Amino acid sequence: MKKNLLPSVLLAGLLTPALYAQSIAPPANTPLTIEGDLNLPAGKSIQANGSSFLTLPQAGGTNVLMGYSAGAAAQTAAQNTLVGHRAGVSATASANTMIGFQAGASTTSGGFNTFIGVQAGLNNTTGSSNLMLGTNAGSSNTTGTANFFVGDNAGGQNTSGGYNVYLGTNSGNGTGVNGSNNVAIGFEAGRGNSAGSTNTYLGFRADAGASGLTNASAFGANARVTASNSLVLGDNANVGIGTTAPANKLQIVGGLANTAGLRLPLTSASTPSSNATKFLTVNANGDVILANFANGARQVADAETIDLLWTRNGQYLQSKGGEAIIIGSGIRKTPADYKLFVEGGILTEKVKVAIKNANDWSDKVFAPTYNLRPLSEVGKFIKEHHHLPGVPSADEVVKEGVDVGRMDAKLLEKIEELTLYMLQMKEQHTQEIKQLKRELAAVKKKAKISRR
């Protein structure tokens with residue numbers, strides 16, 4: 001000791017073997033300087049106001065305890081490094097590293113933890129193998145195990161969730177965020193992951209938009225995922241593969257000429273389920289699906305089951321469900337019993353109308369039992385209705401349209417009736433001429449007799 005630091009009486013007492021000093025009081029405003037080693041017995045401590053400040057390990061011990069009440073209960077444990085005011089004050093387990101004000105202060109039997117920062121792992125009791133670095137990092141954790149929290153308040157409200165990785169200030173720090181196997185990297189990433197497990201959030205405030213998610217991922221600044229088993233890229237961002245400036249939600253630029261840069265190995269032409277009759281299309285929901293041509297006719301799959309809308313029957317293409325066909329946009333559906341609508345008309349070189357049976361044609365007019373109306377009755381009908389009997393009026397045609405087959409049969413019926421009228425008139429004229437001839441012959445005969 002420097003002689004000028006201690007009164008001579010006190011110095012003499014320290015040097016006298018029979019005397020043991022209880023205190024050293026250097027002169028006011030004069031520091032105490034010790035040149036050489038300060039040797040304390042094993043297990044003893046340097047104290048301040050009666051509380052341990054630096055506790056030396058027990059004989060053969062491996063603990064390092066430094067700070068007011070740091071590791072106060074750790075004398076029977078081993079391999080602990082507890083530094084800071086009340087750092088690991090209750091720890092009885094081994095292999096903990098707790099550095100900072102009240103770092104791991106509540107830990108009892110939890111071991112193999114690393115808590116660095118003010119109140120890092122503050123309430124941990126039995127949780128083990130955790131690494132929490134940052135002010136209040138994992139401060140609410142009690143029993144959670146194998147967590148990795150780095151950043152101020154990272155995982156701050158997790159209590160029992162384990163195997164989580166939260167990296168970034170306030171990452172994984174939100175109400176109800178207490179699941180397991182989650183990864184959140186970025187400032188405030190994963191704060192909304194309430195009751196969620198096995199989720200991944202990467203980017204500035206990348207987060208969950210719903211609670212209780214499982215196997216959900218959100219990548220990119222402000223990315224949000226709201227459904228389990230889903231992956232969201234960015235906040236309304238375009239995704240590019242092979243390009244640095246995607247112009248749509250997904251743009252793929254292939255590296256080979258005349259290719260789209262997309263390969264689906266299970267749907268290649270060499271696989272049994274995919275051959276020249278197969279093609280990719282979309283269903284009613286816009287999902288890309290594999291469809292095919294059944295014997296040359298189109299097959300389409302809907303969202304849930306493969307439904308053949310068209311099938312080939314011999315040489316003919318048929319709608320399996322008997323659906324009507326509409327070409328154009330002028331009509332939403334066809335009238336009952338009609339199967340084709342073409343907006344704007346049809347141009348063709350030949351039209352053939354099928355007639356189901358002979359009754360639908362007009363030859364019945366020539367049957368002996370056919371009731372041919374007298375012309376006087378026909379004239380009366382025309383005068384009253386302004387159209388031929390049995391022929392639709394103009395208003396009916398506008399409203400109902402024209403059935404070409406039936407109209408042709410009806411027109412032929414009128415032609416045949418007209419033929420019958422002409423034959424009747426011919427027969428009537430023939431009889432009248434014969435009558436006139438007979439009357440003329442009688443007049444001539446009478447005139448000849450009178451001349452005699």
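Here, buried means a relative accessible area under 20%, exposed means over 50%, and partly exposed covers what falls in between. Everything below is drawn from a predicted model.

**Figure 1. The whole chain, with its confidence.** The protein has 452 residues, 27% of them buried. Its secondary structure amounts to four helices and 25 strands. About 29400 Å² of surface is accessible, and carbon and sulfur atoms own 56% of that. If you take the contacts between residues at least 6 apart in sequence, 5% join residues at least 24 apart. Mean pLDDT is 82, with 83% of residues at 70 or more. Residues 1-19 sit below 50, and this stretch has 17 contacts in the model beyond near neighbours in sequence. Residues 295-307 also stay under 50 in pLDDT, with 31 contacts beyond four places in sequence. Where pLDDT is low, don't read the predicted coordinates in detail.

**Figure 2. Close-up of threonine 107, a loop residue with no accessible area.** Threonine 107 sits in the loop that runs from strand S5 (97-99) to strand S6 (114-116). With a relative accessible area of 0%, threonine 107 counts as buried. So who is around it? Setting aside residues up to four places away in sequence, threonine 107 touches Ser90, Ala91, Met98, Asn113, Phe115, Gly121, Asn124 and Thr125.

**Figure 3. Close-up of threonine 200 in strand S11.** Threonine 200 belongs to strand S11, which covers residues 200-202. Its relative accessibility is 26%, so threonine 200 goes down as partly exposed. Beyond four places in sequence, the contacts of threonine 200 are Val183, Ala216, Ser217, Ala218 and Phe219. For a distance to check in your viewer, try tyrosine 166: 34 residues from threonine 200 in sequence, and 10.0 Å away from C-alpha to C-alpha.

**Figure 4. Close-up of the salt bridge between glutamate 188 and arginine 205.** Side chains of opposite charge can pair when their charged atoms come close. In this view the side chains of glutamate 188 and arginine 205 do so, at 2.7 Å from N to O. Glutamate 188 is in the loop between strand S10 (183-185) and S11, while arginine 205 is in the loop between S11 and strand S12 (207-208), so the bridge ties together parts 17 residues apart in sequence. Is each partner buried or partly exposed? Glutamate 188 is buried at 14% relative accessibility, and arginine 205 is partly exposed at 33%. The salt bridges in the model number six.

**Figure 5. Close-up of helix H4 and its charged network.** Helix H4 takes in residues 404-451, 48 in number, and spans 69 Å from first to last C-alpha, close to the 70 Å expected at 1.5 Å a residue. Its buried residues are Gly405, Met407, Ala409, Glu413, Lys414, Glu416, Glu417, Leu420 and Tyr421, and H2 is part of what covers the buried residues of H4. Zoom in on glutamate 417 and lysine 414, a salt bridge whose closest N and O atoms are 3.4 Å apart. These two residues of H4 are three places apart, about one turn of the helix. An α-helix has 3.6 residues a turn, so residues three or four places apart point the same way. Glutamate 417 is buried at 10% relative accessibility, and lysine 414 is buried at 15%. Salt bridges link Lys410, Glu413, Lys414 and Glu417 into a network.

**Figure 6. Close-up of the salt bridge between glutamate 377 and arginine 373.** These two side chains meet at 3.9 Å, N to O; the cut-off for a salt bridge is within 4 Å, so the pair counts. Glutamate 377 is partly exposed at 38% relative accessibility, as is arginine 373 at 34%.

**Figure 7. Close-up of a nonpolar surface patch.** Val351, Val353, Ile355, Trp361 and Val404 make up this patch, with about 420 Å² of accessible area together. Take isoleucine 355 as an example: a residue in the loop between strand S25 (340-342) and helix H2 (375-385). With a relative accessible area of 36%, isoleucine 355 is partly exposed.

**Figure 8. Two residues with positive phi, shown side by side.** Asparagine 29 has phi near 65°, positive though the residue isn't glycine. Asparagine 29 is in the loop between helix H1 (8-15) and strand S1 (45-48), and is exposed, at 83% relative accessible area. Histidine 386, another non-glycine residue, likewise has a positive phi near 65°. Histidine 386 is in the loop between H2 and helix H3 (394-400), and is exposed, at 69% relative accessible area.

Conventions:
Residues numbered from 1 in each chain as written. Predicted model: local features only at pLDDT ≥ 70, side-chain atom pairs only at ≥ 80, totals over all residues. Heavy atoms only, no water. Buried < 20%, exposed > 50% of the residue type's maximum accessible area, 1.4 Å probe, protein only. Contact = heavy atoms within 4.5 Å. Patch = residues over 30% accessible without salt bridge, like charges linked within 9 Å, V, L, I, M, F, W, Y side chains within 5 Å. Areas by Shrake-Rupley, 256 points an atom, 1.4 Å probe, with all protein chains shown as cover. Expected span 1.5 Å × (residues − 1). pLDDT = per-residue confidence, 0-100.
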